[in-house]
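Please open the model in your viewer, with a cartoon representation switched on, and keep the selection panel at hand. The tour moves from a sheet to the helices packed on it, and then to the annotated domains.

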Amino acid sequence: MAPRVIQERLAPVLEAAAGNAADVDRAGRFPREAVDALRDSGLCGLTVPEAEGGLGGSPHDLVEVMSSVAAACGSTAMIYLMHVAATMPVAVAPPDGHPGLLREMASGAKLGTLAFSERGSRSHFWAPVSRQAQTNGSVAFSATKSWVTSAGEADIIVSSALVPEGGPIDSDLFAIPRATPGIEPGGPWTGMGLRGNDSRPMSLEVEIPAGWRLGSPGEGFRLMMEAVLPWFNLGNASVSLGLATAAADGAVKHATGSSFQHLGESLADLPTIRAQLARMHIRTDALRSYLHEVAGSLMQPDDRTQLRVLASKAYANDTALEVTDMAMRVCGGAAFSQHLAIDRFFRDARAGHVMAPTADVLYDFYGKAITGRPLF
Ligand SMILES: Cc1cc2nc3c(=O)[nH]c(=O)nc-3n(C[C@H](O)[C@H](O)[C@H](O)COP(=O)(O)OP(=O)(O)OC[C@H]3O[C@@H](n4cnc5c(N)ncnc54)[C@H](O)[C@@H]3O)c2cc1C
């Protein structure tokens, strides 16, 4: 997509996100202004084909848009990411029982999210422990989902559940309206970062039409791996990139603008500080290049694409931890006392690592793949 088109759509989103990010973080409130702007911008359909009402954007566009939103407000970016990740399996396997759902998600009329993680299987999202019972065209299951971003705000929840009979990864995905009886978000969200995310536990005690299933029976695992994971990993990595970039830029601004009056020098006159700033910039620059390499690989898959998808999130999550930590150090007490936005980037960046597939799991998967072992 033309960069100018993206910039025009992004501008009001970034303005609303940046203008409210500090308050969203302080109050732990949903970033309504920015999410409303997103819903109005058309960017909810960024990665949906134009024929289905989307913008037909590429993985490269996702990297740029998601990282820009994250640099303005991490909470908004993660809400946006979960929407994109919920939309893509709907695009690949539209549910018969929800005609028009993809267009509604692409237009922003319906905000989506994922409910994969369960209390019983923790971060191993590919193995839900909730199991369906099926009768006469309907499906019933009860699930204790441990985290659902936008739990009280999303319109559509893409949820997993095991098929009635089968092994631990034989699942289905369902697109379930949040207003469905039997869906109860848990208590209020509180976290050290991404404080506007509304990421709450959710209990589902539902009986729903079988037509809300995405794809054919038993296709859940395939959809998770092929329709969700590439976009989620690249998007999550882009959130990390945005947070790291914002921290690096913020550190340069602080170091060049803060002076030792008695010496007539700025922080940036110290060689150790300059070297830290250089490391931060080189790492974020390398990360951006790598994510575009992964994006290109998704557009023209080859035998390294799977590895790159695995690596992208782990590498980006770790880079964000390192760079935001350096920024805290360079900016000293000014960052620690929350006078800058650096501590927010630092706290927000912690989430990427623990979001499933966690960075440690991805390293293990990558190691399995290059040593010829099955991933699951
Ligand atoms: C802000 C935020 C928003 C979220 N939003 C959503 C959402 O919208 N939908 C959703 O489904 N989930 C969501 N999650 C949940 C997330 O995807 C994980 O399931 C959750 O963070 C896992 O936490 P846990 O304590 O259960 O991890 P645990 O599984 O207990 O992991 C603890 C540690 O063990 C490590 N570990 C576990 N298994 C292995 C392994 N096989 N090899 C190596 N190390 C391993 C992990 O890397 C981690 O470091 C969200 C999480 C956060 C933080």
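What follows is a set of selections, each with a note on what is there.

This is a predicted model, in which local features need pLDDT of at least 70 and side-chain atom pairs count only at pLDDT 80 or more, while totals for chains, interfaces and linings use all residues. Residues are numbered from 1 along each chain as its sequence is written, and side-chain values use heavy atoms, with hydrogens and water left out.

Select first 112–115 and 171–177, which are strand 1 and strand 5, the edge strands that each pair on one side only (strands are DSSP runs of E, at least two residues, and helices are runs of H or I, at least four, numbered from the N terminus; pairing requires at least two DSSP bridges). They belong to an open sheet of three strands with order 1-4-5 and mixed pairing.

Add residues 156–162, strand 4, which runs parallel to strand 1 and is joined to it by four bridges; here Leu-114 stands opposite Val-158.

Next select residues 74–92, helix 4, which touches strand 1, strand 4 and strand 5 and makes about 85° with the direction of strand 1 (contact means heavy atoms within 4.5 Å; axes are lines fitted to C-alpha atoms, for helices over the stretch in contact, with angles from 0 to 180 degrees between N-to-C directions). Helix 6, residues 220–257, lies across these three strands at about 75° to strand 5.

Finally, select residues 218–367, which an unreviewed UniProt entry annotates as "domain: Acyl-CoA dehydrogenase/oxidase C-terminal", an annotation that may be inferred rather than shown by experiment; this stretch is 80% helix and 3% strand.
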